[in-house]
2 protein chains.
Amino acid sequence: MTNPDNVVRALGALAQEHRLAVFRLLVQEGAQGMAAGDLAARIGVPPSSMSFHLAQLANAGLVTQRRQSRSIIYTADFTAMNALMGYLTDNCCGGADCGIEAAACCATDEEARGAA
Amino acid sequence: MTNPDNVVRALGALAQEHRLAVFRLLVQEGAQGMAAGDLAARIGVPPSSMSFHLAQLANAGLVTQRRQSRSIIYTADFTAMNALMGYLTDNCCGGADCGIEAAACCATDEEARGAA
DNA sequence: TCCATATTTCAGTATTTATCGAAATATGGA
DNA sequence: TCCATATTTCGATAAATACTGAAATATGGA
C-alpha cells in the first residue's frame with residue numbers, strides 16, 4: 001500500500017457513496033464481517049451492484065473475503081486502512097514535531113480473520 | 001466533514017495521481033504552503049491542469065488558499081484531513097477496545113494559516 | 001497607462017465509472 | 001440428481017472525470 005497507484009486505487013474505492021457505507025459498516029463489524037447479500041440488503045442496492053462494489057474494494061485491498069457455506073463474508077482490512085492513512089500523513093510538516101500519530105485501528109487483518 | 005457527501009468528495013479529490021501528490025506535498029510543507037505555479041512545476045503538469053486539480057481539492061475542503069502578491073498559496077487543511085480519517089475509523093469494531101486512535105496531525109488549520 | 005507575471009476559465013474530446021436486469025456459476029441439502 | 005440459495009459475470013446505457021491549449025482575469029511595478 002505504500003505506492004501511489006495502490007493508494008489512488010484505495011481512495012477511489014472509498015470515494016463512492018455505497019462503497020464508503022459498506023466499508024464503514026465492515027469497519028464497525030470488525031473481525032466478524034458480513035455476507036455479501038446482507039450488505040446488499042443493508043445498504044439497499046441490488047446484489048449485482050453490491051458485487052461490483054465489493055470487487056472494487058477487494059481489488060483495492062481494503063477488504064478480504066472468506067467463504068462460509070453458501071455465503072461470502074467480507075471483512076475490512078485494518079492493516080490496509082492504517083497504511084492508507086499513514087501514507088496521507090507521511091512526513092507531515094517536514095517531520096517537525098507536530099503531534100502526528102500513526103493511527104492504529106483494531107486488530108491486524110491476520111487476527112481479524114481468526115488466523116489464531 | 002462529518003456527512004457522507006463531503007467525505008466522498010474529499011476521497012474523490014485524493015483519488016487521483018496528481019492531486020494525491022499535491023496534497024502530500026502540501027502536508028509536508030505544513031503551514032508554509034506552496035504557490036499554484038510552483039506546484040505545477042513540481043508535479044509536472046500544465047498550469048491549467050494544476051488549477052483544475054487545486055479547485056477540486058479546495059472544493060473538497062482539503063486545502064485552503066491565500067493570496068500573496070501575484071501568487072496564490074495553497075495549504076493543506078489538517079483539520080479536514082483528521083476529520084476524514086476519523087470518519088473512516090468511526091466506531092471501529094463496534095466501539096470495542098481495539099486500540100483505535102484519532103489521528104491528530106500537525107496544527108489545526110487556523111494555526112496553519114497563521115491566524116495568531 | 002502599459003507590460004509582465006500568475007492563475008483561472010473555457011471548450012472539446014477521450015476515458016472511466018455507476019447502474020442493474022438477466023444469465024451463469026457455486027454451494028448445500030434432500 | 002434436483003432444487004433452492006448466494007454470489008458473480010455479462011451487456012448495454014448514462015453520467016462523471018481528466019486533460020490541456022487558448023483566452024480571460026488579476027496583480028504589481030515602471
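Mentor: A helix here is a DSSP run of H or I with at least four residues, and helices are numbered from the N terminus. Keep in mind that this is a predicted model.

Trainee: Which residue with a positive phi follows helix 5 of chain B?

Mentor: Look just past the end of helix 5 of chain B. The residue there has a phi near 55°. That residue is Asn91(B).

Trainee: Which residue caps the N-terminal end of helix 5 of chain B?

Mentor: Start from the backbone nitrogen of Thr79(B). A side-chain oxygen lies 3.0 Å from that nitrogen. The oxygen belongs to the capping residue, Asp77(B).

Trainee: How far apart are the end C-alpha atoms of helix 5 of chain B?

Mentor: The helix covers residues 78-89, which makes twelve residues. The expected span is 1.5 Å times one less than that number, so the helix should span 16 Å. The model agrees, with its end C-alpha atoms apart by 17 Å.

Trainee: Is helix 5 of chain B largely enclosed or open, and how many of its residues are buried?

Mentor: Buried means under 20% relative accessible area. Phe78(B), Leu84(B) and Tyr87(B) are among the residues of the helix that pass. The helix is largely enclosed by the rest of the structure, because the buried residues number nine of the twelve.

Trainee: Which element gives the largest share of the largest nonpolar core?

Mentor: This core has 65 residues. Leu11(B) is one of the members that touch the most others, and its contacts include Leu84(B) and Leu88(B). Both of those are buried residues of helix 5 of chain B. With seven residues, the largest share comes from helix 5 of chain B.

Trainee: Now the DNA. Which part of DNA strand C makes up 70% of its atoms within 4 Å of the protein?

Mentor: Two polar contacts show both kinds of partner. Ser48(A) has a polar side-chain atom 3.2 Å from a base nitrogen, while Tyr74(B) has one 2.5 Å from a phosphate oxygen. Bases make up the rest, and the 70% belongs to sugar or phosphate.

Trainee: Which element gives five residues to the surface near DNA strand C?

Mentor: Both chains take part, with Arg19(A) and Gly37(B) among the closest residues. Chain B supplies helix 3, helix 4 and strand 3 as elements giving two or more residues. The largest share, though, comes from helix 4 of chain A.

Trainee: How many polar residues does the surface near DNA strand C have?

Mentor: In total, 22 residues surround the strand. Seven are nonpolar and four are charged. The polar residues number eleven.

Methods. Residues are numbered from 1 along each chain as its sequence is written. Chains are lettered from A and ligands numbered from 1 in the order in which they are written. This is a predicted model: local features need pLDDT of at least 70, side-chain atom pairs count only at pLDDT 80 or more; totals for chains, interfaces and linings use all residues. Side-chain values use heavy atoms; hydrogens and water are left out. A residue is near a molecule or strand if one of its heavy atoms lies within 4 Å of it. A polar contact is a pair of N or O atoms within 3.5 Å; within protein, one must be able to donate a hydrogen and the other to accept it, and residues adjacent in sequence count only if both atoms are side-chain atoms. Ala, Val, Leu, Ile, Met, Phe, Trp, Tyr, Cys and Pro count as nonpolar, Asp, Glu, Lys and Arg as charged, and the others, Gly among them, as polar. Buried means under 20% relative accessible area, exposed over 50%, partly exposed in between (1.4 Å probe, protein chains only). A nonpolar core is a set of buried Ala, Val, Leu, Ile, Met, Phe, Trp, Tyr and Cys residues joined through side-chain atoms within 4.5 Å. Contact means heavy atoms within 4.5 Å. Lists of a residue's contacts leave out its neighbours within four places in sequence.
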